Amino acid sequence: MGDEGDFARRFVLDAPMLERVAGALSLSKGADVTLSPSNGAAAIALDVGCGEGRFCRLMQAHGLRTVGIDPTQALIERARERDPAGDYRIGHAETLDVTPGGFDLVVCYLSLIDIPDLARAAVAITRALRPGGRLLIANLTSFNTAGMPDGWRHEPFGRLRFSIDRYLEERAIWVTWRGIRVRNWHRPLSAYMTAFLDNGLELRHFAEPEPTGGDPAKIERYRRVPWCHVMEWQRPTS
Ligand SMILES: C[S@@+](CC[C@H](N)C(=O)[O-])C[C@H]1O[C@@H](n2cnc3c(N)ncnc32)[C@H](O)[C@@H]1O
């Protein structure tokens with residue numbers, strides 16, 4: 001992935017995700033102390049499934065302190081190489097070993113689809129948030145994962161179509177991405193919504209961002225089918 005990011009990150013998700021981070025931070029400087037830690041230190045974000053830590057570094061550039069957690073040792077090693085002063089830890093979303101209520105912001109940037117036990121992860125993520133803290137999610141839409149691994153198909157006469165199937169059936173899917181085999185999970189959208197609603201989180205924002213640049217053929221594909229969404233949830237203050 002490097003620091004540049006792929007098409008989805010660079011041209012679809014980074015801007016709306018960083019806008020939400022900046023928005024939450026600017027609220028913290030105003031009357032609504034949404035992201036303001038009580039001791040006056042910089043707000044602190046936990047990036048769950050941080051991979052190489054790319055989004056941690058983008059958040060640091062916005063003035064946040066960050067902790068990145070990922071179970072894949074090679075990715076954590078790469079994050080540390082790229083950011084020796086950064087805080088990157090091996091860990092799983094389901095068993096987050098962090099201070100309860102210790103984070104103003106938790107981010108799951110394209111990681112929920114990788115996490116096997118969503119219900120346990122939602123409990124652990126909620127526990128990590130301080131009251132009033134935010135959970136910011138970028139995910140593949142469930143309509144998209146229902147088409148994996150090969151939703152795009154040429155029909156007779158060459159017409160390209162995206163087909164989905166077994167939408168309500170939660171399942172693991174093996175996909176190949178840039179030569180790496182990855183296990184993703186398809187879950188209906190209600191599974192994600194229920195996981196966070198069941199933990200008392202409140203939905204503050206939902207968006208299906210459009211591509212803002214890059215290869216025109218990719219832009220066309222991203223506009224033809226549901227692809228990514230961004231959600232922001234808040235832990236109630238009391
Ligand atoms: C698609 S990558 C996204 C990485 C990073 N957030 C980014 O945007 O580049 C998904 C990440 O989820 C991690 N992951 C897999 N299982 C996990 C789990 N149980 N808990 C937390 N992260 C997990 C993977 O190691 C991988 O780094």
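Which residue just after H2 takes a positive phi? Gly63 does, with a value of about 95°. Good morning. I shall return to that glycine after an overview of the chain, and I should say at once that what we are looking at is a predicted model.

Let us begin with the whole. The protein chain contains 7 helices and 11 strands. A compact globule of 238 residues would have a radius of gyration near 18 Å, and the chain has 18 Å, so the two agree. Along its principal axes, the C-alpha trace spans about 65 × 40 × 35 Å. Of the 238 residues, 48% count as buried. The accessible surface comes to about 11,700 Å², and 51% of that surface belongs to carbon and sulfur atoms.

Two further values describe the chain as a whole. If we take contacts between residues at least 6 apart in sequence, 66% of them join residues at least 24 apart. As for charge, there are 30 positive and 30 negative charges, and their mean positions are 1 Å apart.

I turn now to helix H2, which covers residues 54–61. Its buried residues are Arg54, Phe55, Cys56, Arg57 and Met59. Gly63, from my opening question, comes just after this helix.

Next come two paired strands. Strand S1, residues 44–48, is joined to strand S2 by 5 bridges, and the two run parallel. In this pairing, Ile44 stands opposite Arg65 of S2. Is S2 enclosed or open? Strand S2 covers residues 65–70, and 5 of its 6 residues are buried, so the strand is largely enclosed by the rest of the structure.

Strand S1 appears again when we consider helix H4, residues 118–128. The buried residues of H4 are Leu118, Ala121, Ala122, Ala124, Ile125, Thr126 and Ala128. What do they pack against? Their partners are S1, strand S4 (103–109), strand S5 (129–140) and helix H6 (189–197). For those new to helices, a general point is useful here: an α-helix has 3.6 residues a turn, so residues three or four places apart point the same way.

Helix H6 brings us to Phe196, which lies in that helix. At 1% relative accessibility, Phe196 counts as buried, the limit being under 20%. Leaving aside neighbours within four places in sequence, Phe196 is in contact with Leu112, Ala122, Leu135, Ile137, Leu201 and Trp233. By contrast, the C-alpha atoms of Phe196 and Ala74 are separated by 30 Å, and these residues are 122 apart along the chain.

Another buried residue is His229, placed in strand S11, residues 228–234. Its relative accessibility is 2%, and it therefore counts as buried. Not counting residues up to four places away in sequence, His229 touches several residues, including Leu13, Ile137, Asn139, Leu189, Phe206 and Pro209.

In helix H5 we find Thr145. At 1% relative accessibility, Thr145 counts as buried. Apart from neighbours within four places in sequence, Thr145 is in contact with Ile113, Leu140, Arg171, Ile173, Trp185, His186 and Arg187. The C-alpha atoms of Thr145 and Gly91 are separated by 25 Å, with these positions 54 residues apart along the chain.

I close with some points of backbone geometry. In general, most residues other than glycine have a negative phi, and most peptide bonds are trans. Which bond here is cis? A cis peptide bond joins Met148 and Pro149, with omega about 5°. Pro149 is placed in the loop between helix H5 (142–145) and strand S6 (152–154).

Two residues that are not glycine have a positive phi, and I take them in turn. For Phe157 the value is about 75°. Phe157 is found in the loop between S6 and strand S7 (160–162). Is Phe157 buried or exposed? At 89% relative accessibility, Phe157 counts as exposed.

For Arg166, phi is about 50°. The place of Arg166 is in the loop between S7 and strand S8 (171–177). With a relative accessible area of 43%, Arg166 is partly exposed.

I suggest that you locate these residues in the structure above. Thank you for your attention.

Terms used: Residues numbered from 1 in each chain as written. Predicted model: local features only at pLDDT ≥ 70, side-chain atom pairs only at ≥ 80, totals over all residues. Heavy atoms only, no water. Helix = DSSP H or I, 4+ residues; strand = E, 2+ residues; numbered from the N terminus. Rg over C-alpha atoms; globule rule 2.2 N^0.38 Å. Buried < 20%, exposed > 50% of the residue type's maximum accessible area, 1.4 Å probe, protein only. Contact = heavy atoms within 4.5 Å. Areas by Shrake-Rupley, 256 points an atom, 1.4 Å probe, with all protein chains shown as cover. Lys, Arg positive; Asp, Glu negative; His and termini not counted. Charge placed at Lys NZ, Arg CZ, Asp CG, Glu CD. Pairing = 2+ DSSP bridges.
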